[in-house]
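Student: Could you take me through one part of this protein up close? I'd like to start inside and work outward from there.

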Amino acid sequence: SDLTAEERIEFIQKEREEVVRLESLLDIFTHLTRLETGMIRLKPENKSLKRTLTQAVNSIYMKAYEKQIDISMEEFTDIRLPHDSRWTEEVIVNILDNAVKYSPSKTAITIRVSELLSYVMIEIQDQGIGISPSEFQNIFKRFYRGNSPEIKDTNGSGVGLYLARKIIEQQGGTICAKSSGSHTGSNFILTLPKQPADASSKHQTI
């Protein structure tokens, strides 16, 4: 009763933001628990890679729009390859979400796809705070978060990239990060095989 109308609105808005944050953390830790207990099984199917990437971009579009961050996907010839579209999309969304979170306003995120002999390579490049070379391997470890002030001041669980690595590797692919080649920014590089993983890999759980 001591709050003004404006203070009430601000308080309610902060409560909503906290609820959304907690829901996001709960969702991530649910995935992590299911991952480590073998409750989630990948179901690779021969599907359009462009559709998977487009759905991921659509999921993060509004968050990028609010920060005036442009997400563009360079034109490429679509390819159908065996992948679990739902969980691969989850990986792309996670990387894009981090890129938006740790990039300043009015910057850009670019997605490139290259077809190699046996693999398809996906690059996601941003103009954000970047990653120290000493942290390139650590960022894929469970619960690891970077040491920069921007990361410490931002909410996060430290398991998103850990999950991403598990999902990609269980499909016979790889994921790594490197400098974007400029003073700022990161470049995440994913590969997915054009042919199904061997029988033993297909029956592993994530």
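Tutor: Start at I122. Skip its neighbours within four places in sequence, and I122 is in contact with L49, L53, I111, R112, V113, F188, I189, L190 and L192. Keep in mind that this is a predicted model. I122 also belongs to the largest nonpolar core, which has 38 residues. Inside that core, I122, F188 and L190 have the most contacts. Two of those names, F188 and L190, you just met as contacts of I122.

Which elements build this core? At least two residues each come from α2, α3, β4 (108-115), β5 (119-125), α5, β6 (174-179) and β7 (186-193). Helix α3 gives the largest share, 7 residues. Let us follow that helix.

Helix α3 covers residues 85-101. Its axis and the axis of α5, residues 160-169, come within 9 Å. They cross at roughly 145 degrees, and the crossing is left-handed. On the α3 side, the contact is made by W87, T88, V91, N94, I95 and N98. On the α5 side, G160, L161, A164, I167 and I168 take part. Now look at the spacing along a helix. An α-helix has 3.6 residues a turn, so residues three or four places apart point the same way. Compare that with the numbers of V91, N94, I95 and N98 in the contact. What kinds of residue meet here, nonpolar, polar or charged? There are 7 nonpolar, 4 polar and no charged residues.

Is α5 mostly enclosed or open? Of its 10 residues, 7 are buried, so the rest of the structure largely encloses α5. The buried ones are G160, L161, Y162, L163, A164, I167 and I168. G160, L161, A164, I167 and I168 also appear in the contact with α3.

Go back to α3 and find V100. Is V100 buried or exposed? Its relative accessibility is 1%, so V100 counts as buried, the cut-off being under 20%. Leave out neighbours within four places in sequence, and V100 is in contact with I60, K63, A64, K67, I69 and I109. D70 is 30 residues away from V100 along the chain, yet their C-alpha atoms are 9.4 Å apart.

Before D70 comes a loop, between α2 (49-66) and β2 (70-73), and Q68 sits in it. Q68 is not a glycine, but its phi is positive, near 60 degrees. Most residues other than glycine have a negative phi. K106 also has a positive phi, about 60 degrees, and is not a glycine. K106 lies in the loop between α3 and β4. With a relative accessible area of 66%, K106 is exposed, because the cut-off is over 50%.

Now step back. The protein has 6 helices and 7 strands. From the N terminus, they run α-β-α-β-β-α-β-β-α-α-β-β-α. Of the 206 residues, 41% count as buried. Among contacts with a separation of 6 or more, 71% join residues 24 or more positions apart.

How far can you trust the picture? The average pLDDT is 82, and 78% of the residues score at least 70. Over residues 199-206, though, the pLDDT is below 50. That stretch still has 17 contacts in the model beyond near neighbours in sequence. Where pLDDT is low, the predicted coordinates should not be read in detail.

Conventions: Residues are numbered from 1 along each chain as its sequence is written. This is a predicted model: local features need pLDDT of at least 70, side-chain atom pairs count only at pLDDT 80 or more; totals for chains, interfaces and linings use all residues. Side-chain values use heavy atoms; hydrogens and water are left out. Helices (H or I, at least four residues) and strands (E, at least two) are DSSP runs, numbered from the N terminus. Buried means under 20% relative accessible area, exposed over 50%, partly exposed in between (1.4 Å probe, protein chains only). Contact means heavy atoms within 4.5 Å. pLDDT is the predictor's confidence in each residue, from 0 to 100. Axes are lines fitted to C-alpha atoms, for helices over the stretch in contact, and angles run from 0 to 180 degrees between N-to-C directions. A crossing is left-handed if the near helix is turned anticlockwise from the far one by less than a right angle, and right-handed if clockwise. Ala, Val, Leu, Ile, Met, Phe, Trp, Tyr, Cys and Pro count as nonpolar, Asp, Glu, Lys and Arg as charged, and the others, Gly among them, as polar. A nonpolar core is a set of buried Ala, Val, Leu, Ile, Met, Phe, Trp, Tyr and Cys residues joined through side-chain atoms within 4.5 Å.
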